Amino acid sequence: MKIFKDINKWKKYKNTLPADLKIGLVPTMGALHEGHLSLIRKSISENQLTVVTIFLNPTQFNNPEDLEKYPQTWSEDVDILKGIGADILLAPTFEQLYPDDYQYKITENSLSKLLCGTSRPGHFDGVLTIVMKLLNIVKADKAYFGEKDYQQLQLVKKMCKTFFIDTAIVECPIIREHDSLAMSSRNRRLSNEGRKLASEYVKLVRQNKEIEVIKEELSKKGIKVDYLEDRFERRFVAVVIDNIRLIDNFKLNI
């Protein structure tokens, strides 16, 4: 596996590759888990070269504490990527990715204002901006995104269509723990008690009850509800446990 921390060196290397080489891209913020690995495996199976990016993107964090505490496991991530067979690890610096210091950004004015966008102002501006940058840098044939961040996934797909980006966005299913908790880098920050509560919250939100009843049951257990909404024939939820924000979504049986 080749590691590039310099965008220009990556571009020079890419120019040496055959023009018809099929390239897959898996953008991540590191702290890799099985959810990420499922995307990487799919890319490896569908492309001749798989590029994984690791960049902890500060512009998508509206809470500085969340950014500060986000797990960073560089050495472990490198070993995991080598073991799974990734071809390229691209890990640029903030200065390279934001030479304008984030004066230019991409803003969507509809879907991004719902759900996570309501309580995280500016979050999706940061997400869409960094994804656009990575798509332009790698110029992959396909890029892989998980359905856990379903709102993000739909925004990225629409952005690519709007701006005539040639990279195809591939949707990948949510990978879950044994108790159905959606895998997330944030899960490793949960205390033992918090992890038990996380297991309970997943069961509660899947109940066939009125939304307000479920919210009340979550609250009684000390689980703070950011949102719990049914939209687009799916149920979307964001809760806070141990001061850690967890999100999930699933199809409704309509």
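## Helix α9 and the sheet

Helix α9 (residues 192-205) lies across β7, β8 and β9, and its direction makes an angle of about 155 degrees with β8. The model described here is predicted.

## The three-stranded sheet

The strands that α9 lies across form an open sheet in the order β7-β8-β9, paired antiparallel. At the edges stand β7 (224-231) and β9 (244-251); each has a single partner strand, so one side of each is left without a neighbour in the sheet. On average, and ignoring direction, neighbouring strands of this sheet are turned by 10 degrees against each other.

Strand β8 (residues 234-241) is joined to β7 by seven bridges, and the two run antiparallel. Lys224 has Val240 in β8 as its bridge partner.

## Helices α7 and α8

Elsewhere in the model, two helices cross. The axes of helix α7 (residues 123-138) and helix α8 (residues 150-162) come within 10 Å, with a crossing angle of roughly 50 degrees. Because of this angle, α7 is oblique to α8. The crossing in which α7 passes α8 is right-handed.

On the α7 side, the contact is made by Phe124, Val127, Leu128, Val131, Met132 and Leu135. Helix α8 contributes Gln151, Gln152, Leu155, Val156, Met159 and Cys160. Sorted by class, the contact of α7 with α8 has 10 nonpolar residues, two polar residues and no charged residues.

How values were computed:
Residues are numbered from 1 along each chain as its sequence is written. This is a predicted model: local features need pLDDT of at least 70, side-chain atom pairs count only at pLDDT 80 or more; totals for chains, interfaces and linings use all residues. Side-chain values use heavy atoms; hydrogens and water are left out. Two strands pair if DSSP finds at least two bridges between them. Helices (H or I, at least four residues) and strands (E, at least two) are DSSP runs, numbered from the N terminus. Axes are lines fitted to C-alpha atoms, for helices over the stretch in contact, and angles run from 0 to 180 degrees between N-to-C directions. Contact means heavy atoms within 4.5 Å. Angles under 35 degrees count as roughly parallel, over 145 as roughly antiparallel, 65 to 115 as roughly perpendicular and the rest as oblique. A crossing is left-handed if the near helix is turned anticlockwise from the far one by less than a right angle, and right-handed if clockwise. Ala, Val, Leu, Ile, Met, Phe, Trp, Tyr, Cys and Pro count as nonpolar, Asp, Glu, Lys and Arg as charged, and the others, Gly among them, as polar.
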